[in-house]
Amino acid sequence: ITGTYIRSITDPLVGHIEGLAYDGSNLFVRGTPIAVVDPVTGFVNHTIPNNGAGLPYGGTGLTYIGGNQLAEVGTDGSWQIISSIDGLVIDSGNNGLDMWGISYFNSAPVPEPASLAMWGLGAIGMVFAGRRRNRRNSTITS
């Protein structure tokens, strides 16, 4: 990846584009609707409904997350996973983050700070328990 300009394609939606995603063969151009574009020719193969148009600012980001799924995000932390085949919403939620773009998405929950602290204390306890056991089991030879 060099950043070298290769070519451009005409805006297939002739409007406000709010995100691009690439799945390895198709370019998804986020507008209303989402255009599924051949990146070599610029030809719009078909469109899928943009169910994320209701997200704040019409959704501000789009990314391909694998398995025929796209993730869309809004400026209030709202997100949704949609099918890249028919645009149907698969999952949705809100992470409370002010999102204006997206390049990667994981909908797995983020642990609470208290849970992380307890995990850390448990790990520290395991280290000390292991050190005590090693000292008790070691022998001194001369």
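1. The protein chain exposes about 9500 Å² of accessible area, of which carbon and sulfur atoms supply 59%. The coordinates belong to a predicted model, and the points below should be read with that in mind. Of the 142 residues of the protein chain, 28% count as buried. Among contacts in the protein chain with a separation of 6 or more, those between residues 24 or more positions apart account for 32%.

2. For orientation, the secondary structure of the protein chain comes to 1 helix and 8 strands. Reading from the N terminus on, the elements follow the order β-β-β-β-β-β-β-β-α, so that the helix comes after the strands by the definition that numbers elements from the N terminus.

3. One open sheet is formed by 4 strands in the order β1-β2-β3-β4, with antiparallel pairing. Its edge strands are β1, residues 19-22, and β4, residues 44-48, each of which pairs on one side only. From one strand to the next, the twist in this sheet averages 20 degrees. Within the sheet, strand β2, which covers residues 27-30, pairs in the antiparallel sense with strand β3, residues 34-37, over 3 bridges. A reader who wishes to locate this pairing in the model can start from L27, whose bridge partner in β3 is V37.

4. Another open sheet, again of 4 strands, has the order β5-β6-β7-β8 and antiparallel pairing. Here the edge strands are β5 and β8, and each pairs on one side only. The twist from one strand to the next averages 20 degrees in this sheet.

5. The pairing of β5 with β6 is antiparallel and runs over 5 bridges, with T63 having A71 as its bridge partner in β6. These strands form a hairpin with 2 residues between them, and G67 in the turn has a positive phi of about 60 degrees. In the loop between β5 (61-66) and β6 lies N68, which also has a positive phi of about 60 degrees although it is not a glycine. That value deserves a careful look, because most residues other than glycine have a negative phi. At 38% relative accessibility, N68 counts as partly exposed.

6. On the other side of the same hairpin strand, β6 pairs with strand β7, residues 78-83, in the antiparallel sense over 5 bridges. In this pairing L70 stands opposite I82 of β7. The hairpin of β6 and β7 has 4 residues between the strands, and in it G77 takes a positive phi near 95 degrees. Strand β6 is largely enclosed by the rest of the structure, because 4 of its 5 residues are buried.

7. How many salt bridges does a search of the whole structure find? The search finds 1 salt bridge, and this is the pair of R30 and E72, whose closest N and O atoms are 2.6 Å apart. The pair links distant parts of the chain, with R30 in strand β2 and E72 in strand β6 (residues 69-73), 42 residues apart. Are the residues of this pair buried or exposed? R30 has a relative accessible area of 1% and is therefore buried, while E72 counts as buried because its relative accessibility is 0%.

8. The largest nonpolar core has 8 residues, namely A21, F28, I34, V36, I48, L62, L70 and I82. Such a grouping can be read against a general tendency: in soluble globular proteins, nonpolar side chains tend to be buried together. One member of this core, I48, has contacts that can be listed in full, leaving aside residues up to four places away in sequence: I48 touches P33, I34, V36, L70, S83, S84, I85, D86 and G87.

9. A last residue to inspect is I90, which lies in strand β8, residues 89-94. Its relative accessibility is 45%, and I90 therefore counts as partly exposed. Not counting residues up to four places away in sequence, I90 touches Q69, I81, I82 and S83. The C-alpha atoms of I90 and Q69 are separated by 8.4 Å, and these residues are 21 residues apart along the chain.

Notes. Residues are numbered from 1 along each chain as its sequence is written. This is a predicted model: local features need pLDDT of at least 70, side-chain atom pairs count only at pLDDT 80 or more; totals for chains, interfaces and linings use all residues. Side-chain values use heavy atoms; hydrogens and water are left out. Two strands pair if DSSP finds at least two bridges between them. Axes are lines fitted to C-alpha atoms, for helices over the stretch in contact, and angles run from 0 to 180 degrees between N-to-C directions. A nonpolar core is a set of buried Ala, Val, Leu, Ile, Met, Phe, Trp, Tyr and Cys residues joined through side-chain atoms within 4.5 Å. Buried means under 20% relative accessible area, exposed over 50%, partly exposed in between (1.4 Å probe, protein chains only). Contact means heavy atoms within 4.5 Å. Accessible areas come from the Shrake-Rupley method with a 1.4 Å probe; for residues, only the protein chains shown count as cover. A salt bridge is a side-chain nitrogen of Lys or Arg within 4 Å of a carboxyl oxygen of Asp or Glu.
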